[in-house]
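Colleague: Please pick one part of this model and walk me through it closely, in words that suit a first-year student. I would also like to see how that part fits in with what surrounds it.

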Amino acid sequence: MRLDAGMLNEVLEKVERLVDVNDRFDDRVEREVETLEVPDLFKRELIKALRELLNPRKAVRRGFFLVVTGIDKSGKETQCFNPAGVPGVKSIREFLEELGGEVLSISLPSYDTFLGSLVGAYLGVEGLGVEVEGEISEEYAWILWGLDRAQYNTAVRRWLSRGKRFVLARRWVESNLCYQVARGIGEDRILRFERNIERPDLTLVIDITAEEALRRASKTDRYEKLSFLRKVRATLLDVAFRGVVGDSVVVNGMGSPVEVNRRILEVLGYYLAGS
């Protein structure tokens, strides 16, 4: 699917306005989306995302919502899920499963979904089935991450309402904050847009330097530049220390995956034992 960047800018601007001026999703919001001159698939996905972004409903939480974050190449994927089977690393998912709870795993951006593929197209990821002709404005590009996250909101809420269960998310709201605030987007603007997105019980920040991130990178996307990653790291640590997204713990991410894994599981063990 090919999408024009100018059209996307107009759509994202309208989406932000709809979220900003409405308290709930209703027929009028849906009608406004239906008037957009975009493919039907795009309309359907926008409507589903807006239902979440404009849904203030809360449920009793019986489970535990854990987010693992960090700047690029900090080892989030390995520590969360260990897909490559790194020896000596017990994934956080495996650790949580051993505690006797079922785990809902989320990894963002979700390039296997339409909304997530828009994020990928913006970042220059190839082979996702979506191409953008032209340049999406940085003034509105950040909305793509919020839309991608919104499609998981109901699943997270329902999962956590059903007893001893865990949600494990690789990146969440804090990621959009640290990357977009570093690009000049206002923190309040992002938090307003994502005000109805479920908040984690704990955010683990795997902290590495910008220099280390680039040393680990085999290839880079538009965000993986030294000066920018330094800003992102500083913003992420500031967001964590101020508690903007709730309880956060910063873990030293320097060293081997096994060393970092040991630190993370020790922190989780202490935190979950007292929570």
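Modeller: Let's start with a word we will need: a residue is buried if its relative accessible area is under 20%, exposed if over 50%, and partly exposed in between, using a 1.4 Å probe and protein chains only. The model is predicted, so local features need pLDDT of at least 70 and side-chain atom pairs count only at pLDDT 80 or more, while totals for chains, interfaces and linings use all residues. Residues are numbered from 1 along each chain as its sequence is written, and side-chain values use heavy atoms, with hydrogens and water left out.

Our close look begins at serine 110, which is buried with a relative accessible area of 3%. Serine 110 sits in the loop between β3 and α6; such labels count DSSP runs from the N terminus, helices being H or I with at least four residues and strands E with at least two. Beyond its neighbours within four places in sequence, serine 110 has contacts (heavy atoms within 4.5 Å) with Gly116, Ser117, Asp148, Gln151 and Tyr152. That loop also holds proline 109. A cis peptide bond links leucine 108 to proline 109, with omega about -5°.

Following the chain onward brings us to helix α6, residues 114-123, which packs against helix α3, residues 40-53, at an angle of about 105° with the axes 10 Å apart. Here an axis is a line fitted to C-alpha atoms, for helices over the stretch in contact, and the angle between N-to-C directions runs from 0 to 180 degrees. The two helices, α3 and α6, are therefore roughly perpendicular, a term for angles of 65 to 115 degrees (under 35 is roughly parallel, over 145 roughly antiparallel, the rest oblique). From α3, the contact uses Leu41, Phe42, Glu45 and Ala49, and from α6 it uses Phe114, Leu115 and Leu118. Sorted by type, the residues of this contact are 6 nonpolar, no polar and 1 charged. In that sorting, Ala, Val, Leu, Ile, Met, Phe, Trp, Tyr, Cys and Pro are nonpolar, Asp, Glu, Lys and Arg are charged, and the others, Gly among them, are polar.

Now for the surroundings, beginning with two other loops. Asparagine 82, in the loop between α4 and α5, has a positive phi near 45° although it is not glycine. Asparagine 82 is buried too, at 12% relative accessible area. Arginine 171 also has a positive phi, about 80°, without being a glycine. You will find arginine 171 in the loop between β5 and α10 (173-181), and its relative accessibility of 11% makes it buried.

The strand β5 (165-170) and the helices α4 (76-81) and α5 (92-98) lead us to helix α14, since they are among the elements that cover its buried residues. Helix α14 has 17 residues, 257-273, and should span 24 Å at 1.5 Å a residue, which agrees with its end C-alpha atoms being 24 Å apart; the expected span is 1.5 Å times one less than the number of residues. Its buried residues are Val260, Asn261, Ile264, Leu265, Leu268 and Leu272. Viewed down the axis of α14, they fall within an arc of 130°, so they line one face of the helix. The arc is taken from the directions from the helix axis to the C-beta atoms. On the other side of α14, Arg262, Tyr270 and Ala273 are exposed.
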